[in-house]
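Work through the exercises below with the sequence and the coordinates at hand. Each task is followed by a solution in steps.

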Amino acid sequence: LGYSRTCDFTSVEQIRVTGSRVAKRHADIDVLVHCAGVMFPKPLTTEDGLETTIQVNSIAPFLLTEALQTRLVRPPRGIPF
């Protein structure tokens, strides 16, 4: 069955904590869907000192995927993914 977890993508610390918790809970991850995106009319800065739109839309998904890299399952040969 599916599993979802909420993560504050404006916080690098929260991204790392979430990645660690998910990795501890699941030995293998077949599918990882990033469904986050923001756009603000004026630039905002995160607690990490990065522009919010760039952190949430680009950096955070990369960091979460990196944290879960050892758990992501490679599909069997012949499956076109």
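The exercises that follow concern a predicted model.

**Exercise 1. Overall description**

Task: State how many helices and strands the chain has, and give its extent and its accessible surface.

Solution.
- Step 1. The chain has 2 helices and 0 strands. Helix 1 covers residues 12-25, and helix 2 covers 52-67.
- Step 2. Along the principal axes, the C-alpha atoms fill a box of roughly 45 × 25 × 20 Å.
- Step 3. The accessible surface is about 6300 Å², and carbon and sulfur atoms hold 55% of this area.
- Step 4. Of the 81 residues in the chain, 23% are buried.
- Step 5. Take the contacts in the chain with a separation of 6 or more: 55% of them join residues 24 or more positions apart.

**Exercise 2. Charge**

Task: Count the positive and negative side chains, then find which residues form the charged surface patches.

Solution.
- Step 1. There are 9 positive and 8 negative side chains in the chain. The centres of these two sets are 7 Å apart.
- Step 2. The positive surface patch consists of Arg 5, Arg 21, Lys 24 and Arg 25.
- Step 3. Lys 24, one of the residues of this patch, belongs to helix 1. Its relative accessibility is 72%, so Lys 24 is classed as exposed.
- Step 4. A patch of negative charge on the surface gathers Asp 8, Glu 13, Glu 47 and Asp 48.
- Step 5. Glu 47, one of the residues of the negative patch, sits in the loop between helix 1 and helix 2. Glu 47 is exposed because its relative accessible area is 63%, and the cut-off for exposed is over 50%.

**Exercise 3. Two buried residues of helix 1**

Task: Decide whether Thr 18 and Gly 19 are buried or exposed, and list what each touches beyond four places in sequence.

Solution.
- Step 1. Thr 18 and Gly 19 are both placed in helix 1.
- Step 2. Buried means under 20% relative accessible area. Thr 18 has 6%, so Thr 18 is buried. Gly 19 has 1%, so Gly 19 is buried.
- Step 3. With residues up to four places away left out, Thr 18 touches Arg 5, Thr 6, Cys 7 and Leu 64.
- Step 4. On the same terms, Gly 19 touches Leu 64, Ala 67 and Leu 68. Leu 64 is thus found in both lists.
- Step 5. A distance can be added for Gly 19: its C-alpha is 19 Å from that of Ile 54, which is 35 residues away in sequence.

**Exercise 4. A buried residue of helix 2**

Task: Find the place of Gln 55, classify its accessibility and name its contacts.

Solution.
- Step 1. Gln 55 is part of helix 2.
- Step 2. The relative accessibility of Gln 55 is 0%, and therefore this residue counts as buried.
- Step 3. Neighbours within four places in sequence are set aside. Gln 55 is then in contact with Phe 9, Thr 10, Ser 11, Val 12, Thr 46, Asp 48, Leu 50, Ala 60 and Pro 61.
- Step 4. Among these contacts is Asp 48, a residue that also belongs to the negative surface patch.

**Exercise 5. The loop between the helices**

Task: For Ala 27, Val 31 and Met 39, give the place, the accessibility class and one C-alpha distance each.

Solution.
- Step 1. Ala 27, Val 31 and Met 39 are found in the loop between helix 1 and helix 2.
- Step 2. The relative accessibility of Ala 27 is 59%, so Ala 27 counts as exposed. For Val 31 the value is 63%, so Val 31 counts as exposed. Met 39 has a relative accessible area of 75% and is therefore exposed.
- Step 3. Ala 27 and Gln 14 are 13 residues apart along the chain, and their C-alpha atoms are separated by 21 Å.
- Step 4. Val 31 and Val 73 are 42 residues apart in sequence, with a C-alpha to C-alpha distance of 8.2 Å.
- Step 5. Met 39 and Ser 20 are 19 residues apart along the chain, and 27 Å separates their C-alpha atoms.

Notes
Residues are numbered from 1 along each chain as its sequence is written. This is a predicted model: local features need pLDDT of at least 70, side-chain atom pairs count only at pLDDT 80 or more; totals for chains, interfaces and linings use all residues. Side-chain values use heavy atoms; hydrogens and water are left out. Patches are made of residues with over 30% relative accessible area and no salt bridge: like charges are joined within 9 Å, nonpolar side chains (Val, Leu, Ile, Met, Phe, Trp, Tyr) within 5 Å. Accessible areas come from the Shrake-Rupley method with a 1.4 Å probe; for residues, only the protein chains shown count as cover. A salt bridge is a side-chain nitrogen of Lys or Arg within 4 Å of a carboxyl oxygen of Asp or Glu. Lys and Arg count as positive and Asp and Glu as negative; His and the chain ends are not counted. The place of a charge is taken as NZ of Lys, CZ of Arg, CG of Asp or CD of Glu. Helices (H or I, at least four residues) and strands (E, at least two) are DSSP runs, numbered from the N terminus. Buried means under 20% relative accessible area, exposed over 50%, partly exposed in between (1.4 Å probe, protein chains only). Contact means heavy atoms within 4.5 Å.
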